[in-house]
Amino acid sequence: MSRRLYDHLRLNVFPTPYCTGCGHGILLGAVVRAMDEATIDWDKTLFVSGIGCAAWIPSPHFKADTLHTTHGRPIAFATGAKLANPELNVVVASGDGDLVAIGGNHLIHAARRNLKITVICANNNLYGMTGGQMAPTTPLGARTQTSPWGAEEAPFDLCSLVRGAGGRFVARHTVFQIHQLIKTLSKALTADGFAFVEVLSPCPTHFGKLNKVPTLGDFREQMKSVYIDRRRWDKMTPEERCDKVPTGVWCTDNIPLRSAGGNKMGGAE
Ligand code: SF4
């Protein structure tokens, strides 16, 4: 990271509280670089997070205005801040348990409203801070503290969920796709509408320990084989896709908003 970017960090709180091999530190650095690439004014930006390991990315590490809120509610707080001051850049950075499980309703309704905020969801496939319990993002068959024989329910596809709810800029990357991730985050920060970026971030302590991916290097190999660029995904057969997840950007800016009078799915025109 260039020396200049360190000015945006509260260096006195480092090192981060993250376990060895946690992906959240990589994401923290990516957000700082993306803010710089998108030339976002830090003094006109509010970072909002909830509860969980990822919620510690902006607060206390960023030298910026931060709201560290209650569990599952960062998007509700972000909505209030954006409505009170529409000029503010509002960036939510939190985890999957916070944003998608407990705060899932806030997420889909913010996307439906096309609220102009950026939501960065660090997805580690379980609840990390509370001890590694199963989440709605836990992959089928994955072991957690509360699914010791493997998760029996299919996880949410977060990007499909947010696109279906009306999100205008939707993307997914792993922390290992670092250049694409920084580029995508910088675009999301300047998107003209609700922007959602899912970031797959390894949790070696809980997920890794129970699923035979104990180190960051193991995660990198595993994620490289599962998370593939959507341009490659588009050319794959249904059989080839079965254990893969596409990454990339789904920019839906051109989809017209549905009017109150109905839509092409059968409502009155
Ligand atoms: Fe990261 Fe998991 Fe440790 Fe939390 S518990 S800091 S997500 S490795």
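Visitor: Where along the chain is P60 found?
Guide: Welcome! This is a predicted model, in which local features need pLDDT of at least 70 and side-chain atom pairs count only at pLDDT 80 or more, while totals for chains, interfaces and linings use all residues. Residues are numbered from 1 along each chain as its sequence is written, and side-chain values use heavy atoms, leaving out hydrogens and water. With helices (H or I, at least four residues) and strands (E, at least two) taken as DSSP runs numbered from the N terminus, P60 is placed in the loop between β1 and β2.

Visitor: Which residue does a cis peptide bond join to P60?
Guide: Look in the loop between β1 and β2, where P60 sits. Omega is about 20 degrees for this cis bond, and the partner of P60 is S59.

Visitor: What is omega at the cis peptide bond of F14 and P15?
Guide: P15 belongs to the segment before α1 (24-37). The peptide bond joining F14 to P15 is cis, and omega there is about 5 degrees.

Visitor: Is T39 buried or exposed?
Guide: You can find T39 in the loop between α1 and β1. Its phi is near 45 degrees, a positive value in a residue other than glycine. Buried means under 20% relative accessible area, exposed over 50%, and partly exposed in between (1.4 Å probe, protein chains only). The relative accessible area of T39 is 68%, so this residue is exposed.

Visitor: Is N125 buried or exposed?
Guide: N125 lies in the loop between β4 (118-123) and β5 (126-127). Phi of N125 is near 75 degrees, again positive in a residue other than glycine. Because its relative accessible area is 8%, N125 is buried.

Visitor: How many salt bridges are there?
Guide: Side chains of opposite charge can pair when their charged atoms come close. Here the rule for a salt bridge is a side-chain nitrogen of Lys or Arg within 4 Å of a carboxyl oxygen of Asp or Glu. By this rule the count is six.

Visitor: How far apart in the chain are R4 and D36?
Guide: The side chains of R4 and D36 form a salt bridge, at 2.7 Å from N to O. This pair links distant parts of the chain, with R4 in the segment before α1 and D36 in helix α1, and the separation is 32 residues.

Visitor: Is R4 buried, partly exposed or exposed?
Guide: R4 shares its salt bridge with D36. The relative accessible area of D36 is 26%, so D36 is partly exposed. R4 has 49% relative accessibility, so R4 counts as partly exposed.

Visitor: Which parts of the structure hold R172 and D157?
Guide: R172 and D157 meet through their side chains in a salt bridge of 2.6 Å, N to O. The pair ties together parts that are 15 residues apart in sequence, because R172 lies in strand β7 (residues 169-174) and D157 in the loop between β6 (133-134) and α5.

Visitor: What is the relative accessible area of R172?
Guide: D157, its salt-bridge partner, counts as partly exposed at 36% relative accessibility. R172 is buried, because its relative accessible area is 3%.

Visitor: Which residues do salt bridges that share partners join into one network?
Guide: One salt bridge to look at is R231 with D229, at 3.0 Å from N to O. There R231 counts as exposed at 62% relative accessibility, and D229 as partly exposed at 26%. The network made by salt bridges with shared partners joins D157, R172 and E198.
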